[in-house]
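Here's a quick walk through a few spots worth a look. Have the viewer open and follow along.

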Amino acid sequence: MTERTYDQPKIRNKEKRNRLRNFFESFYQLSHFGTDIKTEITAGITTFLTMAYVLVVIPGFLADAGMPPEGLYTSVCLIAIIGTFAHAFVSKLPLATSPGLGLTIFFAYTVVGPMGYTWQQGLAAVTVSGMVFFIISITPARAKIMNSLPQTIKIAITGGIGLFIALIGFQNAGIVVAEEGGMYFGNLGNPSVLLSIIGLFTTLLLMAKGFKAALILSIAFTTVIGIPLGVTDLSGIGFLSMPPSIGGTFFQQDFMGLLGNDGIGFALLNIIMVILTISLVDLFDNIGTILAVADRGKLYNENGEVRNMKKALLCDSVSTTISSFIGTTTTSTYLECSAGIASGGKTGLTALTTGILFVVALFFSGIVGIIPGAATAPALIVIGILMMNSLTKLDFSDITEGAPAFFTIALMPFTSSIAEGIAGGIISYVILKVATRRFQEINPVMVILAILFVIRFMTL
């Protein structure tokens, strides 16, 4: 009797694990997509580790915009949790979101200050743009935009984002530095740069050997060997702590202030251009990123379309709207999801794992902060390498196809913006097709998008 009673807790625990395993299997259709729980969890951890830097970087940008700095770490964590869990349970794709770097910089250094808006008015503009994005996501407009993009632009988007990711990785590693007059090799003797190079070749060798967890193993290994090199800083390490309050930024949008005092016409023009810029960049950043990571992970349905694309964009639009209420800027699907996908992530279980780690990060900011950029930068470079594979499908012999593809690819890293690259590709595609009288190859939606982008470039 005693022995049987002793075994009962083990039996119950085993039954709970089996129920949980069966739930994940049925909810995410793991076998159908050729993955398993272990692979998905590893992928989710990899995604989190490669994008954890946003928890440090984004609050700094928002503080520069004049926002109360105390609760910004909490705000960024919260919106990353909300957006990433939305993907975990709604789109069921291995995606993670957080306030976008490009749009946060645009918010902090252009909308607030040079354009004359306060951060409260800027948050109001983010709210409106989120609603615009939401409307686009639930109406046929989203499908029309997606279907209007020619195949050459879609392929180029993947390659351009790969090049952009690699550039970010090289800069974060210090292998390439931006100085006045151009970009140059960094100091390869610097311990941080040397650590990144070690991490890069560790990752490549592990991948060449067929290790599925190559990225996460390399990040962990590089973080550890960074301790004796003085790169991994343990001085700020901390454990459990309560997240700071977001009271200073909660529900602080100033909608009336958007109108300003310079006349209704001028105010409306400014507001329209700010909202148009945020909405266009948000839409095409997300579309471009999702297309690119979907191509990397073959996240397609039986019709060759990105799986649950509408739901994915819906998740991002809702999280953008919510973000403005808790005091952060426009959210975006992060390029670093490619790291998790490269580790085998194919379903929302990857996103669920990443989201849970963001919850943990709320209370363990002192641990998240010790992972050096030198440890995560190599992962971005490797992802860039892997995404170059799509460019073999491009045909550069037709200049009306090749030139727009080139502009799409080149402008992304050169302007540090996915949307700018897509804009350059769309505008040049329409101009070249019209100039060569190949009107039948132009979707009318492409013409509208080209005009909108031209207006945006001329007014901002």
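## A serine in H12

Let's start with Ser-324, which sits in helix H12, residues 309-326. Keep in mind that this is a predicted model. Is Ser-324 buried or exposed? Its relative accessible area is 0%, and buried means under 20%, so Ser-324 counts as buried.

What does the side chain of Ser-324 reach? One partner is the backbone oxygen of Thr-321, at 2.7 Å. There's also a polar contact of 3.4 Å between the side chains of Ser-324 and Gln-253. Gln-253 turns up again in the wider contact list: setting aside residues up to four places away in sequence, Ser-324 touches Leu-123, Val-126, Thr-127 and Gln-253.

## The nonpolar core

Now for the largest nonpolar core, which has 89 residues. Which of them have the most contacts inside it? Those are Phe-107, Ile-161, Phe-284 and Ile-426. As for where the core residues come from, helix H11 (residues 264-297) supplies the largest share, with ten residues.

Ile-161 is a handy one to click on. Not counting residues up to four places away in sequence, Ile-161 touches Gly-288, Thr-289, Ala-292, Leu-335, Met-387, Met-412 and Ile-418.

## H17 against H18

Two of those partners, Met-412 and Ile-418, lead us to the next pair of helices. Met-412 is in H17 and Ile-418 is in H18, and both take part where these helices meet. The axes of H17 (residues 399-415) and H18 (residues 418-435) come within 7 Å and cross at roughly 160 degrees. Angles over 145 degrees count as roughly antiparallel, so that's how H17 runs relative to H18. The crossing is right-handed.

Which residues do the meeting? On the H17 side they include Ile-399, Ala-403, Phe-407, Leu-411 and Thr-415. Among their counterparts in H18 are Gly-421, Gly-424, Gly-425, Ser-428 and Leu-432.

## A leucine in a loop

Last stop: Leu-188, in the loop between strand E3 (182-185) and helix H9 (191-208). How does Leu-188 count in terms of exposure? Its relative accessibility is 40%, so Leu-188 counts as partly exposed.

Leaving aside neighbours within four places in sequence, Leu-188 is in contact with Val-193, Leu-194 and Ile-197. Looking the other way along the chain, Ile-175 is 13 residues from Leu-188 in sequence, and their C-alpha atoms are 6.7 Å apart in space.

Definitions and conventions:
Residues are numbered from 1 along each chain as its sequence is written. This is a predicted model: local features need pLDDT of at least 70, side-chain atom pairs count only at pLDDT 80 or more; totals for chains, interfaces and linings use all residues. Side-chain values use heavy atoms; hydrogens and water are left out. Helices (H or I, at least four residues) and strands (E, at least two) are DSSP runs, numbered from the N terminus. Buried means under 20% relative accessible area, exposed over 50%, partly exposed in between (1.4 Å probe, protein chains only). Contact means heavy atoms within 4.5 Å. A nonpolar core is a set of buried Ala, Val, Leu, Ile, Met, Phe, Trp, Tyr and Cys residues joined through side-chain atoms within 4.5 Å. A polar contact is a pair of N or O atoms within 3.5 Å; within protein, one must be able to donate a hydrogen and the other to accept it, and residues adjacent in sequence count only if both atoms are side-chain atoms. Axes are lines fitted to C-alpha atoms, for helices over the stretch in contact, and angles run from 0 to 180 degrees between N-to-C directions. Angles under 35 degrees count as roughly parallel, over 145 as roughly antiparallel, 65 to 115 as roughly perpendicular and the rest as oblique. A crossing is left-handed if the near helix is turned anticlockwise from the far one by less than a right angle, and right-handed if clockwise.
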